[in-house]
Amino acid sequence: MVMRYLGRRLLQIVPVLVGISLVVFLLVRLIPGDPARAMLGTRATPELIARLHSQFGLDKPIWVQYLDFLGSVLHGDFGISFFYQTSIGGLVLARIPLTVALLAYAALMSIILALPLALLAAFRRGGVLDQGIRLLFTGSLGLPAFWLGLLLALILGVNLGLFPVSGAGSGVLDGLWHLTLPAFTIALSITPIIGRSLRSSLIDVLRSDFVTTGRAAGLSRRTITLTYVLRNSLVPAVTVLSVNVGWLIGGTVIVEQVFALPGLGSLLVTSITTRDYTIIQAVTLILALFVVLVNLATDLVYVALDPRVVLR
Amino acid sequence: MAVLSVTRSRRVGRGITRLFTLPGWERRVGLAGVLVVALLATAAPLLTAYDPTVLDLPHALQPPSLAHPFGTDPFGRDIFSRVLYGARIDLQIGLIGVAIPLVCGTAIGLVSGFYGGWIDGIIGRIIDVVVAFPFLVLVIAIVAMLGPGLVSFYIAVSLVSWVAYARIIRGEVLSARGREYVLAARMLGYSDARIMFRHLLPNVVPAVFVFAMSDIVLDILTGASLGFFGLGVQSPTPEWGVMIAEGRDFITTAWWMVAFPGLAIIVVGLFFSLVGDGLADVIRRIDAR
Amino acid sequence: MHARDDLVVDNLRVWFGHGARRREVIHGVSFELPAGSSFGLIGESGSGKSLTCRSILRLLPPGGSIGGHIRYGGVDLAGLGEGAMRAYRGSRIGMIFQDPLTALNPVMRVGDAIAQVIAEHGRIGTRPARSAAVEMMERVGILDAARRAHDYPHQFSGGMRQRIVIAMALAAQPTLLLADEPTTALDVIIQAEILRLIDRLRRDRGMSLLLVSHDLGVVASVCEQIGVMYAGELVEIGPTQQLLASPRHPYTRGLLESLPEAGDQGRLRPIPGAPPDPAARPSGCAFAPRCRLATEECRRQPIPLIGVDEHRASRCIHVQQLAEAVHG
């Protein structure tokens, strides 16, 4: 049954995937003038331009180019990087684990930060604590991640020497240690969004009839919080993370730059200075794919979390 | 009945003005803050004697003092005046960066929700695709292609942000489609355009204002991030993100270069967010009535 | 002298809001529910019957506060703190609510939910609690209980879910059951089944029952005494048969007359008008604006409950007139 559901969802996704590939393909068309010339910059000579043209098929009609592009992408072939002189597919693949680890770490941290605050605010709804927490969330919506990162690196990293401020470290534990400040930065910047959403969901849960039934049955506060409130908040929590995965990814792009982490985000940004447009395309595609996958995974997670979700 | 629907749209128009005058400290404080910031930005030349771009090397890297309330940078430029002039750029980024997607997205959402059918289907698909891209990533990619600069930023943001507005408006239109005033207007044979713009629009637009406020904050953050990466406004024009990037190398010795522009972003973000929250409250109260 | 588990509600008042916006919504309700008997609280929506019932277990909506006394087993529940109150919920006093569709935790298997109540109150382990839960489910009439204990609420019909709600409420063996509109959301046939179940369980355990409903028929079939509520106060109280046969308050009479009867020629006689807005109560009798018998005296000042005989009382100064109207 799960397979059938998955199959159906995958079919639903196909138009989106096609659309994503189209957008990424068209990105290069945005370049004013000749993309080959732009890529070569000062090194542009007529021979090199002609070579790039034939290498990238820029002389063929546009729909043929798209089909070629689609074909190679489906084979995992993103071409060769001009700058790195190596397969882009390989480059990208090597950087995926770091970015994914950072994303997961940041997501976990943001829940750890946001959930207690949201719980507190929801339980004391309307009170001073609730208002204070809401104000905190509202105020921190405008926190720039790059600024936060720099300050955290300065205070916790350089001044207090608690965490490293650059590089990815080696090995699992050292890697996690290196990712802590970056993940914390991302977490702080999205906690207000997550927190507000969680607070609202928690208030709904607290007001629901079944919680009153639980209270009327004399269950302890602790039991009600754990098995009635929290258990019913898992779905909203997963939802809010899934909906905001785009912001999480944006955060990793910023943070990888600030903390010099060799992930997909920093690859994207450095490729802009080297004008390696094919890398930019590849990374954009992969990241969009990631968002789609996360949304798909969320649907499956719902099945595990909510017994009412029936795999039709 | 036609009178009813026209009167209703007029009443809502008055309601929109009331959105800004009804009680509620969040909205008031936020609006006041935004106005103050806008005033400070416009009045920048009056508030500071220093030109934000002129070098003054003898006074380089000075900590905050009475003469230089926010200190100076390695070129001797006064940070306070740079922050003030920077406000012009960043406020512009926030407002223009929202205005274009708001207008385009609203129009597209209106059409999509009103006509439904295959138009809605296609627009819906386009929205699904754009939404699959992380916002910052797509904006960065587009700016990378177009070449760094403020104009590229506006183009990129417009191409990506409109979807959120289209979705909101489409949702509102779908729920409003069955309401009496729309049915009445149709019965009277009003043209589609007239129904959409004179009847539907005033009723669906308030929902979008709340989102627009948070979008302004988002745009300022995105613009500053691009500035930080060197993809937005170029030196020597002061922009808060660019200033923070400049201060990065001096963070241990001249913390004021990074601190104050960042605080400026946070403060402006706070004010706009307050306005958004306050507006949301008011709309909820109006709806409840 | 009151027996151990008598419920004595004495001048119960409920307010909502704080400071300047504080409003009294229940105005001094008093009645007695002797141990092992059944009392029905009836009234339209907004009459305060649900609130009165909920105040007993202090399960009011946010912003609510209570005054007066609620004596149970000699203790004044109204004076207890939240922690002490929790000790009463479930184990001494159980409560069931109106909407079975939303009353159960959607992510817990029903057997576990009931077992949890048993385990917490009885301080017993999970295994014995689970088998006790299955027993409980059987006692409320769920077939194949052992298997169905592993199911989730959404896998049961409305009537079945209400039975599970009842099972949860009675799992810790309370001596008083509060039922707030337990059948309102169910269809007529199931209503009768649930009422029969509640009545049977009450008799088997010697429990007291406080049944709240807007449906006179529901209350009349199960309760020995009836209290009629209007605009936040009790307007008539008495043994069921007597009250139904000869009502001593115009509102009660109006309620009875408005019930469609099988032999009727199809003319409904609802009570004209609507209950007063809690913020704008009339100064005298709250029912006066809608009452055929209303006189100047009725509107002048609040009417107290006037005892008719040992077991009956009515909040109407024309009590005699009504008695004569019926018998005369």
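**Exercise 1.** Determine the strand order and the pairing of the open sheet of 4 strands in chain C, and state which strands stand at its edges.

*Solution.* In this predicted model, the open sheet of 4 strands in chain C runs in the order S2-S1-S4-S5, and its pairing is antiparallel. The next step is to look for strands that pair on one side only, and these edge strands are S2 (23–33) and S5 (75–76) of chain C. One can then examine the S5(C) edge in detail, where S4(C), residues 64–72, pairs with S5(C) in the antiparallel sense over 2 bridges. Within this region Arg71(C) stands opposite Asp76(C), a residue of S5(C).

**Exercise 2.** Work out how the open sheet of 8 strands in chain C is ordered, and explain why one side of S6(C) and of S11(C) is left without a neighbour in the sheet.

*Solution.* The order is S6-S7-S8-S3-S9-S10-S12-S11, and the pairing in this sheet of chain C is mixed. S6 (93–96) and S11 (306–307) of chain C are the edge strands, and because each has a single partner strand, one side of each lacks a neighbour in the sheet. As an example of the pairing, S3(C), residues 38–42, and S8(C), residues 208–213, are joined in the parallel sense over 5 bridges, and Gly40(C) stands opposite Leu211(C) of S8(C). Finally, a helix can be placed on the sheet: H6(C), residues 158–170, lies across S6 and S7 (176–180) of chain C, and runs at about 165° to S6(C).

**Exercise 3.** Describe how helices H8 and H12 of chain A cross, and classify the residues of their contact.

*Solution.* The axes of H8(A), residues 172–207, and H12(A), residues 245–258, come within 9 Å and cross at roughly 145°, and the crossing of H8(A) and H12(A) is right-handed. H8(A) contributes Pro182(A), Thr185(A), Ile186(A), Ser189(A), Ile190(A) and Ile193(A) to the contact, while H12(A) contributes Trp247(A), Leu248(A), Gly251(A), Thr252(A) and Val255(A). Sorted by character, the residues of the contact of H8(A) with H12(A) comprise 7 nonpolar, 4 polar and no charged.

**Exercise 4.** Establish how many residues each chain gives to the contact of chain A with chain C, and which elements of chain A give two or more residues to it.

*Solution.* Chain A gives 20 residues to the contact and chain C gives 26 residues. On the side of chain A that touches chain C, the elements giving two or more residues are helix H9 (209–216) and helix H10 (221–230) of chain A, with the largest share, 7 residues, coming from H9(A). The residues on this side of chain A divide into 6 nonpolar, 9 polar and 5 charged.

Note on methods. Residues are numbered from 1 along each chain as its sequence is written. Chains are lettered from A and ligands numbered from 1 in the order in which they are written. This is a predicted model: local features need pLDDT of at least 70, side-chain atom pairs count only at pLDDT 80 or more; totals for chains, interfaces and linings use all residues. Two residues are in contact if their C-beta atoms, placed from the backbone, lie within 7 Å. Ala, Val, Leu, Ile, Met, Phe, Trp, Tyr, Cys and Pro count as nonpolar, Asp, Glu, Lys and Arg as charged, and the others, Gly among them, as polar. Two strands pair if DSSP finds at least two bridges between them. Axes are lines fitted to C-alpha atoms, for helices over the stretch in contact, and angles run from 0 to 180 degrees between N-to-C directions. A crossing is left-handed if the near helix is turned anticlockwise from the far one by less than a right angle, and right-handed if clockwise.
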